[in-house]
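Reader: I'm new to reading protein models. Could you walk me through this one?

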Amino acid sequence: MNNSFPRLIDGMVATLRKEVIPRMEGEYARGQAFGIIYMLNNLKLRCSWSNAFLMEQLKALEGVSRDLAPLAPDLAGAPLPDVHAPAALPEVGTLEAMRDAGDARVCDLIDWLAANRAHLPAEAAASAESIVDGYLARQAKYEISTSAKPMFVEMSGGAEKTEVRSLSC
């Protein structure tokens, strides 16, 4: 491809804003068009010609796996994740399956810790929960950072949001 995925999305958004929306009648129709812009902006942030988005998530799962590994003796029987990010980028379907399996193991571990906490060394259980909490917080931050800014005003009103600037003397 000659153009990057984000550049193609930017071109579609610019066309909608400059050519399509100004010629649309009715707030509802314009609001729907702004909804399309919002979704295109999300696609721009999350999609690409490569699989780097999933690779970043695998690196986080590799980190949580590495951080939990020393606790394995104290968490006998726990479904600890054991994810290793590949050195080379495989097909996106492979990365997605690895990510989903790693996330499933983290979910299984959360359930297992809840069910077995009373029988575990308190420090090991607390450490495992802290590591998992750190992973979940990191994933939430990453999801937010790769999401487009909301366009509720534009979608509900069918018009571009105008900034109000105050003058100070």
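Author: Happily! Helices α1 and α2 are roughly antiparallel to each other, a label for angles over 145 degrees (under 35 is roughly parallel, 65 to 115 roughly perpendicular, the rest oblique). Helices here are DSSP runs of H or I with at least four residues, numbered from the N terminus. This is a predicted model, where local features need pLDDT of at least 70, side-chain atom pairs count only at pLDDT 80 or more, and totals for chains, interfaces and linings use all residues. Residues are numbered from 1 along each chain as its sequence is written, and side-chain values use heavy atoms, with hydrogens and water left out.

Reader: At what angle do the axes of α1 and α2 cross?

Author: Axes are lines fitted to C-alpha atoms over the stretch in contact, and angles run from 0 to 180 degrees between N-to-C directions. The axes of α1 (residues 5–20) and α2 (residues 27–46) come within 9 Å, and their crossing angle is roughly 170°.

Reader: Is arginine 99 buried or exposed?

Author: Arginine 99 sits in helix α4 (residues 92–116). Buried means under 20% relative accessible area, exposed over 50%, and partly exposed in between (1.4 Å probe, protein chains only). Since its relative accessibility is 14%, arginine 99 counts as buried.

Reader: Which residues does arginine 99 touch, leaving out those up to four places away in sequence?

Author: Contact means heavy atoms within 4.5 Å. Not counting residues up to four places away in sequence, arginine 99 touches Leu54, Gln57, Leu58 and Leu61.

Reader: Which element gives the largest share of the largest nonpolar core?

Author: A nonpolar core is a set of buried Ala, Val, Leu, Ile, Met, Phe, Trp, Tyr and Cys residues joined through side-chain atoms within 4.5 Å. The largest one has 27 residues, and those with the most contacts inside it include Leu61, Val64 and Trp112. Two or more residues come from each of α3 (52–68), α4 and α5 (122–145). The largest share, 8 residues, belongs to α3.

Reader: How many residues does the other core have?

Author: This other core lies apart from the largest one, and Phe5, Ile9, Val13 and Leu40 are among its members. Phe5, Ile9 and Val13 of α1 and Leu40 of α2 also take part in the contact between those two helices. The size of this core is 9 residues.

Reader: Does histidine 119 count as buried or exposed?

Author: Histidine 119 lies in the loop between α4 and α5. With 68% relative accessibility, histidine 119 counts as exposed.
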